[in-house]
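Let's take a walk through this fold together. Have the structure open and follow along as we go from the middle outwards.

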Amino acid sequence: LYYRKDSPHPGELRNLPPLRMVWLPSYVYDYYTYNRLADKTLTPVPVSNETDGFTQLLNGQADVFLLPYLASRPAVKALSPAQQERLAYQIQEVPFPPTHLLLNRQQPDAEPFLRAFNNGLKRLQQDGRYADITAIR
């Protein structure tokens, strides 16, 4: 969860105050996010890409930007050092409801992607990290 350092710390996703959230329609958000949108705690500020999302956040047109840390890195790196300095990031712990991966097998890279996903999942299950990640806290 990205926010501006000059703004109050937003808190945990399940207990957020009313905020304007950068909304990427192409993303799939978690259970708490959809519930906060449904109960009007979060007001979506639609953008077409991550760069536009950070622009909205930095310009004060949005209060938070919920985006996976690793997925956000290219867009953050594209910001100026001064812009990067204005951002704060808070890791959100959310329990995972049953999760599914949908994959179009007609895509040229579908099979290698599916193999890589399954291999990574097996490693997570074997070393115990999967149980840690999916544990309800």
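A good place to start is the largest nonpolar core, a set of 28 residues in which F54 and F65 touch the most other members. Quite a few elements chip in: strand 1 (2-4), strand 2, strand 3, helix 2 (50-58), strand 4, helix 3 (69-78) and strand 5 each supply at least two residues of this core. Strand 2 gives the largest share, four residues. As background, nonpolar side chains in soluble globular proteins tend to be buried together.

Before going further, keep in mind that this is a predicted model. The protein chain has a mean pLDDT of 85, with 89% of its residues at 70 or more. Confidence peaks in helix 4 (residues 81-85), where the mean is 96, and bottoms out in helix 6 (residues 129-134), at a mean of 75.

Back to the core, then, and to F65. Leaving aside residues up to four places away in sequence, F65 touches L1, Y2, V22, L24, E50, G53, F54 and L57. So F54, the other residue named at the head of the core, is among the contacts of F65. V22 is on that list too, and V22 also stands opposite F65, which sits in strand 4.

That pairing leads us into the sheet. How many helices and strands does the protein chain have overall? There are six helices and five strands, and from the N terminus they come in the order β-β-α-β-α-β-α-α-β-α-α. The five strands form an open sheet with mixed pairing, in the order 3-2-4-1-5. Strand 3 and strand 5 are at the edges with a single partner strand each, so one side of each has no neighbour in the sheet.

Now zoom in on strand 2 (residues 19-23), where four of the five residues are buried. On one hand, strand 2 runs parallel to strand 3 (residues 42-46), joined by five bridges; L19, for instance, has L42 as its bridge partner in strand 3. On the other hand, two bridges link strand 2 to strand 4 (residues 64-65), and this pair is parallel as well. If you trace the chain from strand 2 through helix 1 (residues 31-38) to strand 3, you follow a right-handed β-α-β unit.

What about the pairing of strand 1 with strand 5? Here three bridges join the two strands, and they run antiparallel. One of the pairs to look for is R4 with its bridge partner in strand 5, L87.

Just past strand 5 there's a residue worth a stop: Q90, in the loop between strand 5 (87-89) and helix 5 (110-127). Is Q90 buried or exposed? Its relative accessibility is 9%, so Q90 counts as buried, the cut-off being under 20%. Setting aside residues up to four places away in sequence, Q90 touches L1, Y3, H9, P10, G11 and E12. L1 turns up among the contacts of F65 as well.

Finally, step back and take in the whole chain. Of its 137 residues, 34% count as buried. The chain exposes about 9,000 Å², and carbon and sulfur atoms supply 56% of that. Among contacts between residues at least 6 apart in sequence, 57% join residues at least 24 apart.

Terms used:
Residues are numbered from 1 along each chain as its sequence is written. This is a predicted model: local features need pLDDT of at least 70, side-chain atom pairs count only at pLDDT 80 or more; totals for chains, interfaces and linings use all residues. Side-chain values use heavy atoms; hydrogens and water are left out. pLDDT is the predictor's confidence in each residue, from 0 to 100. Buried means under 20% relative accessible area, exposed over 50%, partly exposed in between (1.4 Å probe, protein chains only). Contact means heavy atoms within 4.5 Å. Accessible areas come from the Shrake-Rupley method with a 1.4 Å probe; for residues, only the protein chains shown count as cover. Two strands pair if DSSP finds at least two bridges between them. A crossover is right-handed if, with the strands pointing away from the viewer, the path from the first strand over the helix to the second runs clockwise. A nonpolar core is a set of buried Ala, Val, Leu, Ile, Met, Phe, Trp, Tyr and Cys residues joined through side-chain atoms within 4.5 Å.
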